[in-house]
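Trainee: I would like to learn how to read a sheet and a core from coordinates. Where do we begin?

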Amino acid sequence: MYLGVHITNENISRFSHLIPEIYVDDLLAGDLIGAALIDVMHGDDAIMGVMLLRAWNGWMEIRWIKMSEAYDTDDYGADLIWNVTEFLRGWENYRGIYAKIYPKETKALSYFRMAGFNLKEDHDNILEFTMGEIVPGSYLTEQEGFEFCHTLGDMTSEQKLHLENMLHEASEPLAIEFPIDYDSYDQDLSAVYEDNGIVKAVIFFTTDDRWITVNFAHAAFPMAFVTLLSFIYQWATMMFTDDQRILVPVLSWKGVEIVNKLVPGAHRQKLWLATREYELKRD
């Protein structure tokens, strides 16, 4: 007999040995849903495993799954997935559950296969490359107008207001939350192009010990974007080595075209996509 437990601020210490530190803040903030399964036939301390999930566009994405050592088998892994997803499904109507399984995660692949998920080969939606793989050409080395480019750390409150006005007035939906959390982005690498109080392009980055990530990019004028990209590239070549890894989420095919033009060797990692769709009840 299994018992499903919702992981909260009050009980997270009980399961912390199975949860990576990088997920803890999101879990405590409520951005991730955490659940554990207890094998109560063997006692209240018989933790089978934990799962971390995120609600996204009517779906539930499994972001992390970890079994306790004594339960690390395909059968128990499948039981964890099945019971936790059914447990959480009772809270709200979801279109389905999905997970991305990378090549090295062979155990997880077996869990999902035994749990009856549909599996298909796919690619991650993130382009990856290194600084040394960038082929700058004239796009990044022969631009002018850098006097209009400002790093995020140098921007004034007024310039940030101009930026938010530009984003609010965009003709298409943008993948950024308001109010903008400027402190969450790299202050030296993130930058905008502004001319006479009008912001025409912006690129936000985050950085850590492993990689640089392009979190958001938007331009009202293509040439302003090219100039801004050149400004950032020339600044980045002074800050990073050729083996610095860079990640660019695939948010649009236009973005893919730009990356492929500048970095022919950019690649998307192969993975397995595991899905289970639900039939939604109609009132």
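Mentor: We take the sheet, then one of its strands, then the packing on it. Keep in mind that this is a predicted model.

Trainee: In what order do the strands of the open sheet run?

Mentor: Sheet order follows pairing, and two strands count as paired if at least two bridges join them. Here 12 strands form an open sheet in the order 1-2-3-4-5-12-6-11-10-9-8-7, with mixed pairing.

Trainee: Which are the edge strands?

Mentor: Look for strands that pair on one side only; these are strand 1 and strand 7, the latter covering residues 149-151. As for the twist, neighbouring strands are turned by 30° against each other on average, ignoring direction.

Trainee: How many bridges join strand 2 to strand 3?

Mentor: Six, and the two strands run antiparallel. On the other pairing, strand 1 (residues 2-7) also meets strand 2 in the antiparallel sense, over six bridges. Alanine 36 serves as a register mark: valine 5 stands opposite this residue of strand 2, and valine 50 is its bridge partner in strand 3.

Trainee: Are the residues of strand 2 buried or exposed?

Mentor: Buried means under 20% relative accessible area. In strand 2 (residues 33-39), seven of seven residues meet that description. To read the faces, take alternate residues: Ile33, Ala35, Leu37 and Asp39 lie on one side, Gly34, Ala36 and Ile38 on the other, and all are buried.

Trainee: How many bridges pair strand 6 with strand 12?

Mentor: Eight, in the antiparallel sense, with strand 12 spanning residues 267-277. One of the matched pairs is leucine 127 with arginine 268 of strand 12.

Trainee: What does helix 7 touch on the sheet?

Mentor: Helix 7 packs against strand 7, strand 8, strand 9 and strand 10, and its direction makes about 35° with that of strand 9.

Trainee: Which residues have the most contacts inside the largest nonpolar core?

Mentor: Phe129, Ile134, Ile203, Leu228 and Ile232, in a core of 30 residues. Elements giving two or more residues to this core include strand 6 (118-130), strand 9 (198-207), helix 7 (222-239) and helix 8 (253-262). Helix 7 supplies the largest share, eight residues.

Trainee: What does isoleucine 203 touch?

Mentor: Leaving out residues up to four places away in sequence, its contacts include Val214, Phe216, Phe225, Leu228, Leu229 and Ile232. There is also a second, separate core of 29 residues, with Leu109, Tyr111, Phe117 and Tyr278 among them.

Methods:
Residues numbered from 1 in each chain as written. Predicted model: local features only at pLDDT ≥ 70, side-chain atom pairs only at ≥ 80, totals over all residues. Heavy atoms only, no water. Buried < 20%, exposed > 50% of the residue type's maximum accessible area, 1.4 Å probe, protein only. Helix = DSSP H or I, 4+ residues; strand = E, 2+ residues; numbered from the N terminus. Core = buried A, V, L, I, M, F, W, Y, C linked by side-chain atoms within 4.5 Å. Contact = heavy atoms within 4.5 Å. Axes fitted to C-alpha atoms, helices over the stretch in contact; angles between N-to-C directions.
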